[in-house]
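Visitor: I have a model open in front of me. Could you walk me through its sheets?

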Amino acid sequence: MAKILILEDDTTFAQLLEGFLTKNNHEVTLVTHIKQSFKFIENQVFDLFLIDYRLPDGIGFDVITHCRNLGLLTPIVIMTSFNDVRTAVKSMQMGAFDYITKPVNPDELLMVIKNSLTKKDSKEIKIEATDSDFIKGKSATADRLYEHIALVAPTDMSVIIQGESGTGKEFAARTLHQQSKRTDKPFVAIDCGALSKDLAASELFGHVKGAFTGALNDKKGQFETANGGTLFLDEVGNLSYEVQIKLLRALQERVIQPLGSTKQIAVDVRIVTATNDDLLNSISGGEFREDLYHRLNEFKIQLPALRDRGGDLELFINHFIGLSNRDLDRNVKSISAEAKSLLLNYDWPGNLRELSNVIKRMVLLTPGDVAQVSALPDEMMLAVNQQTLPGSSSDLKAVNEQNEKTLIAETLIKAKHNKSKAAKMLNIDRKTLYAKMEKYGIE
């Protein structure tokens, strides 16, 4: 039995979830507003948070940030509409464990909850991955990507890996490490999006007992843990300005100083960072140090979006079917022509992460050995139909632009016209948001 907090403003849907999860022996607490949830989160211990993404007084990111600032490692599962998949994938980079799209399938929900609860015992904020769960691809785009990795891997150059949410940045970083001269030394991954300002400095550089409230023992930082190997900083743009200064010093002088200590520790670490935003925009906005950017950006690797990877898509589909068969004890051997057509024509805004989730759901909902289109989300069909509307390309462009204008306007209202917050919700940088607001005449 797990103690689950559900944050959902649709009370009818929330009560359905409560009834279903109670029948499956879970203890459920329902709340409808973010502020209300904070009181429960601060005063009670839960095993899992099941959170709607769009809420009356904010968004799911607000809860993730609050939990992060409290130092909680409780798994968070985001519930979102199919149209918000890109944002749901982004939420995982900020610290959510997983996401599930509405309408929620009961079997899929139980699977996600089970996975969350079995993995919640990991005490360190790291990204877990196994090589067998990934596949490189064979397209010309994939070949170019791995040529660049092979070129820079044997050097000690700092590398920035840039790409959309869900494109496999952490796997690219691991591949860099495996092909480097440091392959027999540690590879340490830190999700900077899941660290509070206070926790980030301690996690990176360590602390001594009594350095701050709650520092009951000495703690070794991840720089020291990764000594001789590779330190991977995912979503490095989320580090506070103060931590950026400490990071720059560590890179320049090759020494770290644990919080509260006067002792300096020499470290030899190769730094690989990842971001789905263009850090140059963060520099112009005063949120990221330009000198640190140039220190990190000795070589840049751009990861392609899944929609730009040609024949690799079918390869990835088959790969994820194999993994899902293994994990769910299923035996899907093929896909119907209609289902395959839908998978190949959808544009995958959440990239490999979304593909993995959709395939896992498809395999879960397939009782036999042939997956049918009925096992795929209905919204995928709607999205593909909209992509292939009859008429000229300008008609489709007009439809897409109208949808984009409406989404931006609605998001600005939800963000109370805080453009930085709206840009994060839309998973674009502020410069792009300003340009689109000007294009569509949005005040």
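The questions below take the two sheets in turn, with the helices that lie on them.

Visitor: Which strands stand at the edges of the sheet E9-E12-E15-E8-E16?
Guide: This is a predicted model. Five strands form this open sheet, with parallel pairing. Two of them have a single partner strand each, so one side of each is left without a neighbour in the sheet. The edge strands are E9 (187–191) and E16 (299–302).

Visitor: In E16, which residue is the bridge partner of isoleucine 161?
Guide: E8 covers residues 159–162. Four bridges join E8 to E16, and the two run parallel. The partner of isoleucine 161 in E16 is isoleucine 301.

Visitor: At what angle does helix H7 run to E8?
Guide: H7 spans residues 169–178. The helix lies across E8, E9, E12, E15 and E16. Its angle to E8 is about 150°.

Visitor: Which strands stand at the edges of the sheet E2-E1-E3-E6-E7?
Guide: This open sheet also has parallel pairing. Look for strands with a single partner, since one side of each is left without a neighbour in the sheet. Those strands are E2 (27–31) and E7 (98–102).

Visitor: What is the bridge partner of leucine 50 in E6?
Guide: E3 (residues 48–52) and E6 (residues 76–81) run parallel. Four bridges join them. The partner of leucine 50 is valine 77.

Visitor: What angle does the direction of helix H1 make with that of E2?
Guide: H1 covers residues 11–23 and packs on the sheet. The helix touches E1, E2, E3, E6 and E7. With the direction of E2, its direction makes about 170°.

Terms used: Residues numbered from 1 in each chain as written. Predicted model: local features only at pLDDT ≥ 70, side-chain atom pairs only at ≥ 80, totals over all residues. Heavy atoms only, no water. Pairing = 2+ DSSP bridges. Contact = heavy atoms within 4.5 Å. Axes fitted to C-alpha atoms, helices over the stretch in contact; angles between N-to-C directions.
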